[in-house]
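Me: I'd like to learn how to read a protein model. Could we go through one together?

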Amino acid sequence: MTLADLCAAACADLFRGDGEILASPMGTLPTVGARLARLTSEPDLLLSDGEAYLLADTPALGERGRVEGWLPYRMVFDVLANGRRHVVMGANQIDQYGNQNISCIGPHEQPTRQLLGVRGAPGNTVNHRTSYWVPRHSPRVFVGKVDMVSGVGYDKDAGPFHDIHRVVTNLAVLDFVTPDHRMRLVSVHPGVSVAEVQAATGFELVVEDVSETRQPTDEELKLLAELDPKGLREREVRA
Amino acid sequence: MMRDKRMTAEQVVAELADGMTIGIGGWGSRRKPMALVRAILRSGLRDLTVVSYGGPDVGLLCAAGKVREVVFGFVSLDSIAYDPWFQRARQSGAISVRELDEGMVQCGLRAAAHRLPFLPIRAGLGSDVLRHDPTLKTIRSPYADDTELVAMPAIHLDAALVHLNRADKHGNAQYLGPDPYFDDLFCLAAKRRYVSCEKVVDTADLVPVQTILLNRMMVDGVVESPGGAGFTSCVPDYDRDEALQREYAQADPDFLDRYAS
């Protein structure tokens with residue numbers, strides 16, 4: 001078992017209880033995780049090929065298999081507004097209330113580093129469940145204040161459909177299930193200490209009953225080998 | 001006899017003017033009207049406002065100093081996350097921007113297409129999109145729910161440039177790939193609408209009829225331009241030219257000279 005396998009299982013667990021909705025994972029680990037979830041706990045999930053097709057099968061990365069539907073971007077926007085979607089986005093920065101930045105670093109008028117742009121993050125976060133995947137947990141990512149609020153956090157008035165679920169990183173799993181919705185340490189990965197996670201975080205985490213992130217089962221490890229035979233997941237997260 | 005709207009890329013550019021707001025179809029590094037963009041690079045046009053689900057169209061126009069403002073939700077090359085030319089333009093302060101959520105771009109184009117001053121949308125609430133663009137206002141539902149929403153203003157385009165797989169000479173145009181993107185909406189939101197295509201065919205060859213995205217009342221000019229989306233993808237006619245895109249992403253000033261010549 002590798003760190004990537006552990007993170008894949010943690011990403012799969014993000015979708016637990018979601019039922020028949022569209023999983024929109026960004027990045028390799030969330031993609032593998034969503035497929036693993038469909039093969040185990042969440043068989044009714046809908047998966048996209050990242051372009052315009054819905055996958056009837058749950059194929060290996062890069063494969064399409066049979067197609068069960070058509071979902072061009074315009075229809076993704078409809079699903080998003082309709083709410084039957086769970087997106088797992090990346091984050092160049094994220095703060096203690098779950099505000100996320102993928103737009104730019106530095107002043108918006110003239111950034112020191114231009115990134116992607118806010119993309120669909122403002123709409124995603126006020127319309128349906130959102131989780132984040134951070135392959136390199138560090139104080140540069142987990143910051144006191146993000147430079148451009150792209151994904152909306154719990155300290156904003158974000159309406160009735162706002163639901164930031166969890167953050168999975170290479171060190172830990174975190175959520176916002178606290179009285180004031182500050183980020184809480186849920187579990188640390190095997191071999192990682194609470195102090196290490198706190199040291200890699202640029203704000204104070206809520207630390208109560210911290211468990212250890214569960215290890216993937218033998219069945220999950222077998223499925224992961226089938227879903228990602230080339231080991232692409234190992235390139236996204238390193239021990 | 002219906003009008004024959006065929007023209008050259010240079011004739012399209014001759015109908016554009018400094019300071020115009022130009023909408024560009026496609027998505028990221030997919031089915032971009034690159035032949036039309038290249039014709040702009042070779043022209044004297046400047047001070048453009050570009051509205052785009054941005055890819056190398058935005059990067060090239062910024063690199064060539066054609067752009068005053070970019071209206072965007074993202075600029076990305078898909079297989080390469082960031083467009084270095086756009087990054088350079090932003091980081092040097094050479095351009096101004098209006099940064100919107102992707103859905104807000106669609107909403108603003110739809111408002112323009114429907115001749116409405118605005119359309120309500122949830123996206124944007126709580127985000128810094130509203131903070132950085134103080135012209136954006138919210139509105140409260142006039143019904144019992146009293147919900148606060150963003151009043152996304154219409155994004156009016158002086159011209160739309162799109163690239164499709166096939167068209168007839170009258171401006172009926174067909175996409176053959178998996179996604180129409182928002183090319184129809186760009187045309188509906190624009191005063192002047194230009195479609196380049198891989199091949200001009202007889203109207204009867206535009207089958208099946210469900211793949212005809214643009215009808216002729218949405219189009220003013222048709223430019224036959226084989227390979228006209230390259231190096232972006234135009235499936236099933238061709239995939240993205242990843243080697244040429246990598247070269248573009250080196251952001252070498254010589255590339256721009258060679259590309260525009």
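**A helix on the inside**

Reply: Let's start with a helix in chain A. This is a predicted model, and in it 11 of the 12 residues of H2(A) are buried, so that helix is largely enclosed by the rest of the structure.

Me: Which residues of H2(A) are the buried ones?

Reply: Among them are Thr28(A), Leu29(A), Pro30(A), Arg35(A) and Arg38(A). A residue counts as buried if 20 or more other C-beta atoms lie within 10 Å of its own.

Me: How do I check the length of a helix?

Reply: Multiply the rise per residue by the number of steps, then compare the result with the distance between the ends. Helix H2 of chain A covers residues 28–39, and at 1.5 Å a residue its 12 residues should span 16 Å. The end C-alpha atoms are 17 Å apart, which agrees.

**Confidence**

Me: What about the predictor's scores?

Reply: Look at those before the details. Where pLDDT is low, the predicted coordinates should not be read in detail. Chain B averages a pLDDT of 97, and 100% of its residues score at least 70. For the complex, the predictor gives an ipTM of 0.96 and a pTM of 0.97.

**A sheet**

Me: How do I read a sheet?

Reply: Work out the strand order, then the direction of the pairing. Chain B has an open sheet of three strands in the order E5-E7-E6, with antiparallel pairing. Strands E5 (118–121) and E6 (137–140) of chain B stand at the edges with a single partner strand each, so one side of each is left without a neighbour in the sheet. On average, neighbouring strands of this sheet are turned by 40 degrees against each other, direction ignored.

Me: How many bridges link E6(B) and E7(B)?

Reply: Four, and the pairing is antiparallel; strand E7 of chain B takes in residues 148–153. You can look for Arg140(B), whose bridge partner in E7(B) is Glu148(B).

Me: Which helix lies across E5 and E7 of chain B?

Reply: That's helix H5 of chain B, residues 102–113, running at about 150 degrees to E5(B).

**Where the chains touch**

Me: How do I describe an interface?

Reply: Count the residues in contact, then ask which elements they come from. Here 32 residues of chain B are in contact with 34 residues of chain A. On the chain B side, strand E3 (67–75), helix H4 (84–91), H5 and helix H6 (128–132) each supply at least two residues. By class, that side of chain B has 14 nonpolar, 11 polar and seven charged residues.

**Unusual backbone**

Me: What should catch my eye in the backbone?

Reply: Most residues other than glycine have a negative phi, and most peptide bonds are trans. Now for some exceptions. A cis peptide bond joins Val207(B) and Pro208(B), with omega about -5 degrees, and Pro208(B) is in the loop between strands E10 and E11 of chain B. Another cis peptide bond joins Gly230(B) and Phe231(B), where omega is about 10 degrees. Phe231(B) is in the loop between strand E12 and helix H8 of chain B.

Me: And where is Asp78(B)?

Reply: In the loop between E3 and H4 of chain B. Asp78(B) is not a glycine, yet has a positive phi of about 65 degrees. With 17 other C-beta atoms within 10 Å, Asp78(B) is partly exposed.

Me: What is phi near in Ala251(B)?

Reply: It is near 55 degrees, a positive value in a residue other than glycine. You'll find Ala251(B) in the loop between H8 and helix H9 of chain B, and with 16 C-beta neighbours inside 10 Å, Ala251(B) counts as partly exposed.

Notes. Residues numbered from 1 in each chain as written. Chains lettered and ligands numbered in written order. Predicted model: local features only at pLDDT ≥ 70, side-chain atom pairs only at ≥ 80, totals over all residues. Pairing = 2+ DSSP bridges. Axes fitted to C-alpha atoms, helices over the stretch in contact; angles between N-to-C directions. Contact = placed C-beta atoms within 7 Å. pLDDT = per-residue confidence, 0-100. Nonpolar A, V, L, I, M, F, W, Y, C, P; charged D, E, K, R; others polar. Expected span 1.5 Å × (residues − 1).
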